[in-house]
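Please walk me through this protein model, from its surface to its interior. Which residues are worth a look, and how are they placed?

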Amino acid sequence: MKQISLEQLKKFDQNFESSRANQLAMYSTIKNGILESAENSALMNQAPHYYSVSIDMAKDVTNQKASGRCWMFAALNVMRREVMKKLNLEGFELSQSYPLFWDKLEKSNLFLENILETLNLPLESREVGFLLKDPLGDGGQWDMFVGIIQKYGVVPKQVMPESASSSATHAMDKFLTLKLREFACSIRNGHEAGKS
């Protein structure tokens, strides 16, 4: 693997310093932050803030609160609309806690299976480090949602309502992460001791 030399770093620095535009961008970013400095206000003024498509929805708005379940809420709201139309309902909501539970279970299983797959790698390897960093965050996307729903289905919200943990997932995620890392440590220690 080729290393970055001190000469290369010096050249990078000289190239950067030689550009007035780089200097202005650097000072602006230091003072204002990267997002504010990168914003193009001319483009922002051109963007339309109205939409030509409107969808009839239920009167009740869903709220993911302090959780990273936007991907679940979005998909469930699309499903909800179709269920309401099909069953001629005015108000109806699908449980967001239900797929959250199964998502945590599936992510935990995937994490532990990956720990088993990487038993022969050193603990300091990038792959093991990546696995241990964030075993089961809240985030997800469409294909993950489809997999959960195909396997476990959906239920109305009254069957599995919101809880303190589903509405604010930070503490739950923290403790689940600690337990999963503990399990990973036990599995790796057992492997080193010759256990199957």
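L9 is partly exposed, because its relative accessibility is 43%. In this predicted model, L9 sits in helix 1, which covers residues 6-17. L9 also belongs to a nonpolar patch on the surface. Its partners there are I4, L6 and F12, and the patch measures about 460 Å².

Next come the cysteines. C70 has a relative accessible area of 47%, so it counts as partly exposed. C185 is partly exposed as well, at 42% relative accessibility. How many disulfides does a search of the whole structure find? The search finds zero. A disulfide would need a pair of cysteine sulfur atoms within 2.5 Å.

Salt bridges are another matter. A search of the whole structure finds nine of them. One of these joins R69 to E162, with the closest N and O atoms 2.8 Å apart. This pair connects distant parts of the chain, 93 residues apart. R69 lies in the loop between helix 4 (41-46) and helix 5. E162 lies in the loop between helix 8 (142-152) and helix 9 (164-167). Is R69 buried or exposed? R69 is buried, because its relative accessibility is 0%. E162 has 22% relative accessibility, so it counts as partly exposed. The cut-off for buried is under 20%.

K151 and E106 form another salt bridge, at 2.9 Å from N to O. K151 belongs to helix 8 and E106 to helix 6, so the bridge ties together parts that are 45 residues apart in sequence. K151 is exposed, because it has 56% relative accessibility. E106 is partly exposed, with a value of 26%.

The bridge between K85 and E82 is a local one within a helix. Their side chains meet at 3.8 Å, N to O. Where do the two residues sit relative to each other? They are three residues apart in helix 5, so about one helical turn separates them. K85 is exposed at 54% relative accessibility. E82 is partly exposed at 39%. Both residues also take part in a network of salt bridges, together with R81.

Follow helix 5 onward to the loop that comes after it. N88 is placed in this loop, between helix 5 (70-87) and helix 6 (97-117). Its backbone stands out: N88 has a positive phi of about 55°, although it is not a glycine. N88 counts as exposed, because its relative accessibility is 70%.

E93 is found in the loop between helix 5 and helix 6 too. Is E93 buried or exposed? E93 has a relative accessible area of 15%, so it is buried. The side chain of E93 makes a polar contact of 3.0 Å with the side chain of Q96. Beyond its neighbours within four places in sequence, E93 is in contact with T62, R80, P156, K157 and Q158.

Helix 6 holds another acidic residue, D103. D103 is buried, because its relative accessible area is 2%. What does D103 touch, not counting residues up to four places away in sequence? The list is W71, M72, G137, D138, M144 and I148.

D138 leads on to G68, since D138 is among the contacts of G68 as well. G68 lies in the loop between helix 4 and helix 5. Leaving aside neighbours within four places in sequence, G68 also contacts G139 and T169. G68 and G139 are 71 residues apart in sequence. In space, their C-alpha atoms are 5.7 Å apart. G68 is partly exposed, because its relative accessible area is 26%.

Now put the loop pieces together. The loop between helix 4 and helix 5 contains G68, and R69 is found there too. R69 is buried at 0% relative accessibility, whereas G68 is partly exposed at 26%. R69 reaches E162 through a salt bridge, while G68 touches D138, G139 and T169. The loop between helix 5 and helix 6 offers its own contrast: N88 is exposed at 70%, and E93 is buried at 15%.

Key
Residues are numbered from 1 along each chain as its sequence is written. This is a predicted model: local features need pLDDT of at least 70, side-chain atom pairs count only at pLDDT 80 or more; totals for chains, interfaces and linings use all residues. Side-chain values use heavy atoms; hydrogens and water are left out. Patches are made of residues with over 30% relative accessible area and no salt bridge: like charges are joined within 9 Å, nonpolar side chains (Val, Leu, Ile, Met, Phe, Trp, Tyr) within 5 Å. Accessible areas come from the Shrake-Rupley method with a 1.4 Å probe; for residues, only the protein chains shown count as cover. A salt bridge is a side-chain nitrogen of Lys or Arg within 4 Å of a carboxyl oxygen of Asp or Glu. Helices (H or I, at least four residues) and strands (E, at least two) are DSSP runs, numbered from the N terminus. Buried means under 20% relative accessible area, exposed over 50%, partly exposed in between (1.4 Å probe, protein chains only). Contact means heavy atoms within 4.5 Å. A polar contact is a pair of N or O atoms within 3.5 Å; within protein, one must be able to donate a hydrogen and the other to accept it, and residues adjacent in sequence count only if both atoms are side-chain atoms.
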